[in-house]
Amino acid sequence: MSTRPARTGRRVRAVRASGSGTAQRQVRAVRLGPRSVAALVLVSVLGVMAFGWPLLADSASGLAHSKDAPWLFAALLPLLLAVVVATIADVGLDAKAIAMLGVLAAAGAALRPLGAGTAGIEPMFFLMVLSGRVLGPGFGFVLGAVSMFASALLTGGVGPWMPFQMLSMGWVSMGAGLLPGPDRLRGRREVLLLAVYGTFASLLYGLIMNLQGWPYIAGLASGVSFVPGDPLPDNLARFAAYCLATSLGWDLPRAVLTIVLTLTLGPTVLKALRRATRRAAFDTPVAFAPQPTRSE
């Protein structure tokens with residue numbers, strides 16, 4: 001009689017211990033399949049070409065001397081982004097993931113106008129980084145693109161730059177989902193990792209968005225503008241001067257704000273996001289079974 005309760009107690013403790021270990025496993029709102037991974041790689045490669053064509057194009061090619069190249073990429077990127085979002089939705093976005101996507105995208109779109117146009121202060125980055133970390137790279141890419149699209153509609157910022165913003169924010173959130181230790185890294189170390197990543201992501205976002213707008217000012221300021229056909233070192237020097245003169249005052253405050261929000265609000269937001277993903281039970285398959293009939 002005395003040994004049975006002891007064995008039962010040990011069994012209960014073992015079950016609780018195994019349950020706590022399972023709860024630490026990272027829940028993915030979107031499981032990336034081969035098609036969605038291929039679509040993400042394709043749009044990323046073409047995105048690099050769209051951003052870097054002034055530096056990547058050979059001086060003898062017609063692209064280097066074409067004024068229509070920025071408009072060509074601006075027209076091509078929305079189609080590619082639509083294909084990627086549709087592919088990911090076809091592979092892994094269910095009703096629960098779409099509902100969470102809508103809530104987080106609305107929150108991100110609402111956060112952006114709070115600091116838009118004020119020294120680069122954009123609290124939206126903080127939420128995109130944490131959401132991508134918790135919900136994974138596939139969900140993060142779709143969230144970043146959709147949030148930027150919604151915020152552009154909300155603020156009236158629709159223009160040829162919008163597809164580039166959508167792609168860049170998708171990269172920011174997707175990169176957070178690719179950071180190491182999603183299953184085991186928690187607490188202060190995870191928050192520090194996200195703060196460091198958010199800093200570099202905020203700076204790199206401004207850098208690559210400068211590449212989008214840089215060719216449009218060709219000839220307006222010879223010291224900082226893109227000169228078609230010039231050697232790569234000369235154009236790189238002009239681009240560095242352009243970044244220092246135009247965007248550094250916006251990129252640094254954005255990075256500082258991302259650090260501050262991540263270190264102060266990060267633990268609370270991470271817990272809330274993980275609690276929401278556990279309750280959504282993305283890993284649990286939904287099955288519909290016929291209700292048993294009561295015999296007369």
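**Secondary structure.** I counted the elements of the chain and found 10 helices and 0 strands. The model I consulted is a predicted one. Reading along the sequence, I noted the pattern α-α-α-α-α-α-α-α-α-α.

**Whole-chain values.** I looked up burial next: of the 296 residues in the chain, 44% are buried. I then took the accessible surface, which comes to about 15500 Å². Carbon and sulfur atoms account for 68% of that surface. For contacts between residues at least 6 apart in sequence, I recorded that 80% join residues at least 24 apart.

**Aromatic pairs.** I searched for paired rings and obtained 4 aromatic pairs in the structure. I examined Phe51 with Phe164 and entered a distance of 5.1 Å between the ring centres. The planes of Phe51 and Phe164 stand at 70 degrees, and the cut-off for edge-to-face is over 60, so I classed this pair as edge-to-face. I located Phe51 in helix H2 (residues 34-56) and Phe164 in helix H7 (residues 162-177). The two residues are 113 residues apart, and I therefore logged the pair as a link between distant parts of the chain. I checked both for burial: Phe51 is buried, and Phe164 is buried as well.

I turned to Phe125 and Tyr205, whose ring centres are 5.0 Å apart. Their planes are at 80 degrees, so this pair is also entered as edge-to-face. Phe125 belongs to helix H5 (residues 124-135), and Tyr205 belongs to helix H8 (residues 188-213). With their positions 80 residues apart, this pair too links distant parts of the chain. I found Phe125 buried, and Tyr205 likewise.

I also looked for clusters of rings and noted one formed by Phe51, Phe164 and Trp171.

**Packing of H6 and H7.** I examined helix H6 (residues 137-155) against H7 and recorded an angle of about 145 degrees. The axes of H6 and H7 are 7 Å apart. I entered the crossing of H6 past H7 as right-handed. On the H6 side, I listed Pro137, Gly140, Phe141, Gly144, Ala145, Met148, Phe149 and Ala152 as making the contact. On the H7 side, the contact residues include Met162, Gln165, Met166, Leu167, Trp171, Ser173 and Gly177. Trp171, a member of the aromatic cluster with Phe51 and Phe164, is thus named in this contact as well. I sorted the contact of H6 with H7 by class and obtained 12 nonpolar and 6 polar residues, with no charged residues.

How values were computed
Residues are numbered from 1 along each chain as its sequence is written. This is a predicted model: local features need pLDDT of at least 70, side-chain atom pairs count only at pLDDT 80 or more; totals for chains, interfaces and linings use all residues. Side-chain values use heavy atoms; hydrogens and water are left out. Helices (H or I, at least four residues) and strands (E, at least two) are DSSP runs, numbered from the N terminus. Buried means under 20% relative accessible area, exposed over 50%, partly exposed in between (1.4 Å probe, protein chains only). Contact means heavy atoms within 4.5 Å. Accessible areas come from the Shrake-Rupley method with a 1.4 Å probe; for residues, only the protein chains shown count as cover. Rings of Phe, Tyr and Trp (its six-membered ring) pair if their centres lie within 6.5 Å; planes under 30 degrees apart count as stacked, over 60 as edge-to-face and the rest as tilted. Axes are lines fitted to C-alpha atoms, for helices over the stretch in contact, and angles run from 0 to 180 degrees between N-to-C directions. A crossing is left-handed if the near helix is turned anticlockwise from the far one by less than a right angle, and right-handed if clockwise. Ala, Val, Leu, Ile, Met, Phe, Trp, Tyr, Cys and Pro count as nonpolar, Asp, Glu, Lys and Arg as charged, and the others, Gly among them, as polar.
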